[in-house]
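Reader: I would like to learn how to read the features of a model like this one. Please give the general idea each time, then the case at hand.

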Amino acid sequence: ADRSMAHESEHRRHIAASREEVEGQLADLETLHASEVNAMVKEISRLRQAVKEGIEQLTAIEDRIRHAEAEREFCKGRVIAVEREASIALEQQAEAFNERQR
């Protein structure tokens, strides 16, 4: 009976040690998992910030493109006006020259 009790006691110690080992491994896994989740959350935050900055840069570039296009249209209008003025001036000079020739 004493041997049976000793065997039972040894068996219980072994189970308790196994349980402690498994609980320790589980705690390690939970810590590792929490650490990985925190790292992922930080990476997502970093990526969100990078996307936000990228969108801001694209918006600024689009604004500059719109401004340049408006400036180009204005310049085209000025070129057309200057060409008209030059054409009118040439016609007037030609008429004045023809008047003098007569």
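Author: Accessible areas come from the Shrake-Rupley method with a 1.4 Å probe, and for residues only the protein chains shown count as cover. In this case the chain exposes about 9,700 Å², and carbon and sulfur atoms supply 57% of that area. The model is predicted, so to speak of it at all takes some limits: local features need pLDDT of at least 70, side-chain atom pairs count only at pLDDT 80 or more, and totals for chains, interfaces and linings use all residues. Residues are numbered from 1 along each chain as its sequence is written, and side-chain values use heavy atoms, with hydrogens and water left out.

Reader: What secondary structure does the chain have, in helices and strands?

Author: Helices (H or I, at least four residues) and strands (E, at least two) are DSSP runs, numbered from the N terminus. Here the chain has one helix and zero strands. Helix α1 covers residues 2–101.

Reader: How do I read the radius of gyration of the chain?

Author: The radius of gyration is taken over C-alpha atoms, and the globule rule is 2.2 Å times the number of residues to the power 0.38. For 102 residues, a compact globule would have a radius near 13 Å, but this chain has 44 Å. The C-alpha trace spans about 150 × 10 × 10 Å along its principal axes.

Reader: Which C-alpha separations along the chain go with those spans?

Author: Two pairs can be given. Q49 and V22 are 27 residues apart along the chain, and their C-alpha atoms are separated by 40 Å. For K76 and L29, 47 residues apart, the separation is 69 Å. Both Q49 and K76 are placed in helix α1.

Reader: What percentage of the residues count as buried?

Author: Buried means under 20% relative accessible area, exposed means over 50%, and partly exposed lies in between (1.4 Å probe, protein chains only). Of the 102 residues of the chain, 0% count as buried. Q49 serves as an example: its relative accessibility is 38%, so Q49 counts as partly exposed.

Reader: How many salt bridges are there?

Author: A salt bridge is a side-chain nitrogen of Lys or Arg within 4 Å of a carboxyl oxygen of Asp or Glu. By this rule the count comes to six. Among them is the bridge between R46 and E43, at 2.8 Å from N to O. Another joins R66 to D63, with the closest N and O atoms 2.5 Å apart. In a further one, between E73 and K76, the closest N and O atoms are 3.4 Å apart.

Reader: Why are R46 and E43 separated by about one helical turn?

Author: Because R46 and E43 are three residues apart in helix α1, about one helical turn separates them. R66 and D63 are likewise three residues apart in helix α1, about one turn. The spacing of E73 and K76 in helix α1 is three residues, again about one turn.

Reader: Are the partners R46 and E43 buried, exposed or in between?

Author: R46 has a relative accessible area of 47%, so R46 is partly exposed. E43, at 34%, is also partly exposed. In the second pair, R66 has 48% and D63 has 39%, and each is partly exposed. In the third pair, E73 is partly exposed at 44%, as is K76 at 42%.

Reader: Which residues make the nonpolar surface patch?

Author: Patches are made of residues with over 30% relative accessible area and no salt bridge; like charges are joined within 9 Å, and nonpolar side chains (Val, Leu, Ile, Met, Phe, Trp, Tyr) within 5 Å. In this chain L58, I61 and I65 make a nonpolar patch of about 270 Å². I65 lies in helix α1, and I65 is partly exposed, with a relative accessible area of 45%.
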